[in-house]
Amino acid sequence: MNEGSFPRTARRFESVGFSEIVIVRNRVMDLLAAGQKVWRFEGGEPWMNTPETVKAATTAALARNQTRYAPSSGISELRSAILEKVRTRNGIPADAESPIVVSGGMHGLFAAFATLLDPGDEILMFSPYWTPILDLVGYHQASATLVPTDEARREGLSKALARRATAKTKLLYWNSPNNPTGDVFSRAETEEVAAFAKERGLAVVSDEAYEDLVYEGEPPVAIASLPGMFERTITCYTLSKSYSMTGWRLGYVIAPGRYRSPIQAIVLYTVNGVSTPTQWAAVEALSRGTEFVAEWKPGYRARRDRLVAGLQAAGFELARPRAALYLFPKTPSWLPAGSREAARVLLEGAKIATVPGIVFGPEGEGHLRFSFSVSEEMIAGGVEALAAFAHATSGRP
């Protein structure tokens with residue numbers, strides 16, 4: 001090596017990019033810093049604050065001087081609360097060693113993929129999908145095979161999966177309710193996919209971030225609760241959405257015995273355990289079950305329905321989603337066909353921030369993602385700004 005030269009970065013980063021959602025957010029920050037008003041629908045956080053009792057639990061832990069290292073897999077009180085929750089609410093036949101506390105949903109997913117993926121492995125995933133998943137797969141030098149959800153439903157999920165599976169396919173990524181569409185797979189669909197995974201000997205990584213944010217119809221089925229599926233499924237949960245704890249960075253993984261040690265090692269060597277006072281906040285949150293979400297759901301529904309009506313009036317085509325925090329409408333003819341350009345035009349012309357659908361996979365092209373988890377004032381002002389911009393751009397009444 002010549003003097004003055006430097007080693008290159010690891011090749012794994014050639015397949016990892018920064019989220020385009022962050023790019024949108026950075027542009028929004030620039031506009032706000034310039035004193036502009038922006039109608040912000042690009043985010044993905046609950047609209048309410050963390051409940052007071054949850055915050056108080058951390059204060060109490062600090063007063064008790066519970067600030068030392070915790071066991072890397074989590075304090076026993078939290079792991080016991082998690083075990084009770086997944087057994088009773090999710091129907092997963094976990095054992096006492098299954099829960100592993102992680103630093104948020106992303107950390108849990110990273111640990112799951114790191115446990116299972118070798119370079120050259122392939123993963124099946126339905127599309128549209130949550131943007132960072134593709135980068136997590138790429139980081140581990142594996143590749144994702146996308147299965148268009150609408151096409152798979154027409155063809156049959158198992159047939160669509162089988163047509164794309166190869167000898168290198170090792171696992172399937174499962175996300176229900178889905179980000180960005182708010183779609184929920186039915187029990188029959190979940191059972192069909194579970195049967196396919198068992199038949200092909202695949203592992204499953206199940207992303208349950210939006211498990212509690214279902215506003216109508218049947219709740220989602222935890223795929224790990226189905227016969228023979230716990231043994232091959234790593235289930236990733238977060239407290240971010242159910243308890244409005246996005247900034248607390250707290251989640252948990254439910255792992256069968258064969259995958260447990262690698263996940264524990266990943267947690268140990270990445271964060272060496274989650275903040276101890278934060279874990280006591282999680283104990284309090286889980287002790288409340290779905291109490292907080294039940295209180296928040298009417299507000300979510302009202303926001304969703306008001307934003308749906310405003311988008312439809314402006315010419316957007318969409319169905320009302322029954323879960324999660326987002327609308328995923330088709331762009332109207334008065335906006336550019338490409339979703340990146342459509343999002344840019346809305347942001348620069350109307351100061352309405354959205355996420356281009358293409359970042360959620362090829363099936364997202366021609367769509368924009370709007371979050372309805374914002375203040376009522378934001379929705380009212382955003383709908384008014386959208387109507388005015390649509391009128392000026394297209395001549396709509």
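The second largest pocket is lined by 29 residues. Nearest its centre lie Pro128, Asp150, Thr181, Asp183 and Phe328. The model is predicted. A larger pocket, with a volume of about 1100 Å³, is the largest one here. One cavity of 30 Å³ or more is also present, and helices α7 and α8 pack against each other.

**Second largest pocket**

- The volume of the second largest pocket is about 590 Å³.
- Four elements each supply at least two residues of its lining: β3 (122-127), α6 (149-155), β5 (169-175) and β9 (326-327).
- Helix α6 provides the largest share of this lining, with five residues.
- By class, the lining of the second largest pocket holds 13 nonpolar, seven polar and nine charged residues.

**Largest pocket**

- The largest pocket has a volume of about 1100 Å³. Its lining counts 41 residues, and those closest to the centre are Arg25, Gly44, Trp130, Pro132 and Lys241.
- Helices α1 (20-33), α4 (105-116) and α5 (132-139) each give at least two residues to the lining of the largest pocket. Strands β7 (233-238) and β12 (368-371) also each give at least two.
- The lining of the largest pocket splits into 19 nonpolar, 13 polar and nine charged residues.

**Cavity**

- The structure holds one cavity of 30 Å³ or more. The largest cavity contains about 40 Å³ of space.
- Charged residues in the lining of the largest cavity are Lys85, Arg89, Glu211 and Asp212.
- Thr238, Leu239, Ser242, Tyr243, Tyr252 and Leu286 also line the largest cavity.
- The class count for this cavity lining is four nonpolar, two polar and four charged residues.

**Packing of α7 and α8**

- Helix α7 spans residues 157-164, and helix α8 spans residues 187-200.
- The two helices pack at an angle of about 35°, and their axes are 9 Å apart. The crossing of α7 past α8 is right-handed.
- On the α7 side, the contact is made by Leu157, Ser158, Leu161 and Ala162.
- On the α8 side, Glu189, Glu192, Val193, Phe196 and Arg200 make the contact.
- The contact of α7 with α8 comprises five nonpolar residues, one polar residue and three charged residues.

Conventions: Residues numbered from 1 in each chain as written. Predicted model: local features only at pLDDT ≥ 70, side-chain atom pairs only at ≥ 80, totals over all residues. Heavy atoms only, no water. 1 Å grid on protein atoms, 1.4 Å probe; cavity = no way out; pocket = protein on both sides within 12 Å on 5 of 7 lines; lining within 4 Å. Points joined across faces, edges and corners; volume = space filled by probe spheres on them. Axes fitted to C-alpha atoms, helices over the stretch in contact; angles between N-to-C directions. Left-handed = near helix turned anticlockwise from the far one by under 90°. Contact = heavy atoms within 4.5 Å.
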